[in-house]
Amino acid sequence: MRLFGLEIGRAQDPAPRVEPRVTGGQAQAAAPGEAGLLAVGWGSLGPSAVRGLPRVTPETAVHHGTVFACCNNIAGDLAKVPLKLWQRMGDGQDVRVREHPAAYLLNGEAAPGVPARLVRFAAVYAYALRGNGHIYGPRDGGGELTRLDIVRQSSVTLLRDGLERFYQFEDGAGVQRRVPARSMAHLRYMAEDGWTGRSPLQVAAESVGIALAGQRAAARNAAGGTTKGVIKLGENYEDDDQRARNARRIKAAMQDPGSDGWIAVNPDEDVKALDISAADQELLSSRKFDREMIAGIYRMPPSKLQMLEYGVKANGEQQAIDYLTDCLLHWSALVEAQLDVALLTRAERDAGLFLRHDFGALLQPTVKEQYEALNRAVGGPFMLPNEARAKIGAAPVPEGEKLNPAPNMTRTEGQSGTSEGEST
């Protein structure tokens with residue numbers, strides 16, 4: 001429609017936000033700095049020099065039960081505790097922030113129909129296994145997070161254009177995307193250049209390769225892949241068919257678990273059983289050391305891998321503390337720092353906002369321990385009685401708004417103060 005020579009049309013909805021395009025000539029795949037990794041002792045140039053040793057990749061290493069257990073423990077425990085958003089005020093006090101998109105997306109529903117804990121588990125599991133974990137976090141026109149998506153971790157490519165970084169990947173709808181670093185939460189481990197993550201399994205490739213070789217040897221032995229015996233047949237057979245039938249008969253008798261152990265053969269024939277060699281026995285027994293070595297790579301306490309010879313149930317509480325301080329805090333500190341940069345703006349970080357795992361939910365006390373701790377806190381005095389009642393889900397009481405006096409003091413009734421300096 002034209003009016004006075006001007007084109008007039010209906011108002012249209014604003015176009016959706018489109019991330020800036022990066023042409024193929026501008027962005028190049030970021031190559032890992034192998035020379036720098038060698039200088040700090042973080043890597044090796046390619047596969048092992050030992051011929052025949054299995055090549056270690058995340059896909060092959062995860063077949064080892066200890067590798068899976070370590071990654072599953074780390075990802076599972078970090079996913080089952082809340083990842084809370086806090087703000088550090090000017091007086092040094094930390095205040096919980098609830099009304100923020102990142103707080104809900106990390107603990108509620110990360111994407112339509114996808115729980116946040118599932119997204120965090122997938123990202124941290126890939127982070128521990130591959131050294132790289134990715135979460136796609138698109139933003140609206142105002143710069144606010146709209147959702148957190150799981151991406152196929154093996155299909156993400158890191159691109160660079162000078163100092164800028166971009167990610168090319170396939171999203172959940174099967175669409176190929178190329179987005180700037182601001183839209184991707186990238187967890188990277190042992191990144192010598194700040195961007196290129198390295199899997200701890202590939203850094204210790206020879207040690208992990210020996211563990212994989214020992215597991216494969218054990219699997220072949222359990223599946224009957226090794227030679228169990230030798231049948232020496234005679235020459236007095238009428239034809240080859242009769243010779244083959246006799247060989248199959250002897251072999252079936254040797255493999256029959258219900259046989260009596262007696263095999264009938266001709267005078268010039270012999271049957272010899274071959275046990276596992278001493279070298280193979282030593283290789284299989286070394287799998288215990290392989291388990292300890294992989295646990296050391298992930299800083300995993302032996303008790304978490306059911307290696308109970310290193311501790312008993314009586315010191316289970318100390319083992320839980322060691323697991324938290326030696327293992328989980330190592331991984332969680334890196335995850336928190338990288339999510340802070342990816343999900344919070346510079347202004348929000350300058351205002352004191354930060355993410356922190358609430359490990360208090362991991363170390364759940366018994367009812368007796370909880371009541372004893374609250375009794376000491378209220379009678380300390382450290383906590384109001386109503387604050388202690390709120391922690392156990394009890395309703396507040398009128399007399400619970402006053403702080404109890406110290407054990408060596410008494411409260412003077414009728415005064416508004418918390419305690420009166422009167423000797424007991």
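In this predicted model, Lys304 forms a salt bridge with Asp77, and the closest N and O atoms sit 3.9 Å apart. The pair ties together distant parts of the chain: Lys304 is in the loop between helix H10 (287-297) and H11, Asp77 is in helix H3, and 227 residues separate them. The two ends of this bridge differ in how much of them shows. Asp77 is buried, because its relative accessible area is 7% and the cut-off for buried is under 20%. Lys304, at 32% relative accessibility, counts as partly exposed.

Asp77 has another partner as well. Its side chain meets that of Lys80 in a salt bridge, with 3.1 Å from N to O. This time the partners are neighbours on one helix: Asp77 and Lys80 both lie in H3, three residues apart, or about one turn of the helix. Lys80 has a relative accessibility of 48%, so this residue counts as partly exposed, given that exposed means over 50%.

What about salt bridges elsewhere? A search of the whole structure finds eight of them. One of these joins the side chains of Lys84 and Asp358, at 2.9 Å from N to O. Here too the pair links distant parts of the chain, with Lys84 in strand E4 (residues 83-88) and Asp358 in the loop between strand E16 (353-357) and helix H13 (367-379), 274 residues apart. Lys84 is buried, with a relative accessible area of 17%, whereas Asp358 comes out as partly exposed at 25%. Which residues are joined into one network by salt bridges that share partners? They are Asp77, Lys80 and Lys304.

Next come the gaps inside the protein. The structure holds one cavity of 30 Å³ or more, and about 70 Å³ of space lies in the largest cavity. Its lining is made up of Leu78, Leu83, Leu106, Arg120, Ala123, Val124, Ile135, Leu187, Val335, Leu339 and His357. Two elements give two or more residues to that lining, namely helix H5 (116-130) and helix H11 (316-343). H5 provides the largest share, with three residues. Some of the lining residues sit right beside salt-bridge partners in the numbering: Leu78 is on the list, and Asp77 bonds with Lys80; likewise Leu83 and His357 are on the list, and Lys84 pairs up with Asp358.

His64 is another residue worth a look. This histidine is found in the loop between helix H2 (58-61) and helix H3 (65-80). Is His64 buried or exposed? His64 is buried, since its relative accessible area is 4% and anything under 20% counts as buried. Setting aside neighbours within four places in sequence, His64 is in contact with Ala211, Leu212, Gln215 and Ile294. One of these contacts shows how the fold brings separate stretches together: the C-alpha atoms of His64 and Ala211 are separated by 8.1 Å, although the two residues are 147 residues apart along the chain.

Two residues catch the eye for their backbone angles. Met190 has a positive phi of about 55 degrees, even though this residue is not a glycine. Met190 is found in the loop between strand E13 (184-188) and helix H6 (200-203), and with 17% relative accessibility it counts as buried. Arg299 is the other case, with a positive phi of about 60 degrees despite not being a glycine. Arg299 lies in the loop between H10 and H11, which is where Lys304 is found too. At 41% relative accessibility, Arg299 counts as partly exposed.

Finally, there is the outside of the protein. Met254, Ile263 and Val265 make a nonpolar surface patch of about 200 Å². Ile263 is found in the loop between helix H8 (240-255) and strand E15 (270-273). With a relative accessibility of 31%, Ile263 counts as partly exposed. That value also lets Ile263 join the patch, because patches are made of residues with over 30% relative accessible area.

Notes: Residues numbered from 1 in each chain as written. Predicted model: local features only at pLDDT ≥ 70, side-chain atom pairs only at ≥ 80, totals over all residues. Heavy atoms only, no water. Helix = DSSP H or I, 4+ residues; strand = E, 2+ residues; numbered from the N terminus. Buried < 20%, exposed > 50% of the residue type's maximum accessible area, 1.4 Å probe, protein only. Contact = heavy atoms within 4.5 Å. Patch = residues over 30% accessible without salt bridge, like charges linked within 9 Å, V, L, I, M, F, W, Y side chains within 5 Å. Areas by Shrake-Rupley, 256 points an atom, 1.4 Å probe, with all protein chains shown as cover. Salt bridge = Lys/Arg side-chain N within 4 Å of Asp/Glu carboxyl O. 1 Å grid on protein atoms, 1.4 Å probe; cavity = no way out; pocket = protein on both sides within 12 Å on 5 of 7 lines; lining within 4 Å. Points joined across faces, edges and corners; volume = space filled by probe spheres on them.
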